[in-house]
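I opened the file today with a short list of things to look up. My entries are below the structure.

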Amino acid sequence: RILDRYLTTAELGWLVRESSVVLAPYQRFVGSSGVLTWAAAQRRPVIAQQYGLVGALVRDYRLGLAVDTSDPARIADSISDLADARRLHDVVGRARWDDFLAGRTSDEFAARLLGEITERDGA
């Protein structure tokens, strides 16, 4: 059975909290991803593309595994790798969650965006 719909924010939050690992198999995506923020906020490692900004953020902040997501075997190997409790514990322990999240909360984003607008309007 397929439910073709968007998840609510509450559903997404629950799914990330209940997961051990978050799979974000973007392929050659050039931007950033809110998925990284959701996962980091819950201290959940990601398996994501090695390409572009997403790959750089995953590597730089040690948010999980940056792999060739165009290769299904590589994704499967990464899932198997993080299914090992000791390996998962090691990846979680090395992650720089707080460094990554600094300045990336929704409140900080809104303040940065709206702050400029309210400053221009003199509010």
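The entries cover confidence, then the strands and their crossovers, then one serine.

**Confidence.** I am working from a predicted model. I looked up the average pLDDT first, and the protein comes out at 91. I also noted that 95% of the residues score at least 70. Next I went through the elements. Strand β3, residues 64-67, has the highest mean pLDDT, at 98. Helix α7, residues 106-120, has the lowest, at 76.

**β1 and β2.** I checked how strand β1 (residues 22-24) runs against strand β2 (residues 46-49). They pair in the parallel sense, over 3 bridges. I found Leu23 opposite Ile47 of β2. Helix α2, residues 34-41, joins β1 and β2 in a β-α-β unit, and I logged that unit as right-handed.

**β2 and β3.** I then moved on to the pairing of β2 with β3. This pairing is also parallel, and I noted 4 bridges for it. Val46 stands opposite Gly64 in β3. I followed the chain from β2 through helix α3, residues 52-60, to β3. That β-α-β crossover is right-handed.

**Ser78.** I located Ser78 in helix α4, which spans residues 72-83. Is Ser78 buried or exposed? Its relative accessibility is 1%. The cut-off for buried is under 20%, so I entered Ser78 as buried. I then listed its contacts, leaving out residues up to four places away in sequence. Ser78 touches Ile47, Leu65 and Val67. I placed Ile47 in β2 earlier, opposite Leu23. Leu65 and Val67 fall within the residue range of β3, 64-67.

Technical notes
Residues are numbered from 1 along each chain as its sequence is written. This is a predicted model: local features need pLDDT of at least 70, side-chain atom pairs count only at pLDDT 80 or more; totals for chains, interfaces and linings use all residues. Side-chain values use heavy atoms; hydrogens and water are left out. pLDDT is the predictor's confidence in each residue, from 0 to 100. Helices (H or I, at least four residues) and strands (E, at least two) are DSSP runs, numbered from the N terminus. Buried means under 20% relative accessible area, exposed over 50%, partly exposed in between (1.4 Å probe, protein chains only). Contact means heavy atoms within 4.5 Å. Two strands pair if DSSP finds at least two bridges between them. A crossover is right-handed if, with the strands pointing away from the viewer, the path from the first strand over the helix to the second runs clockwise.
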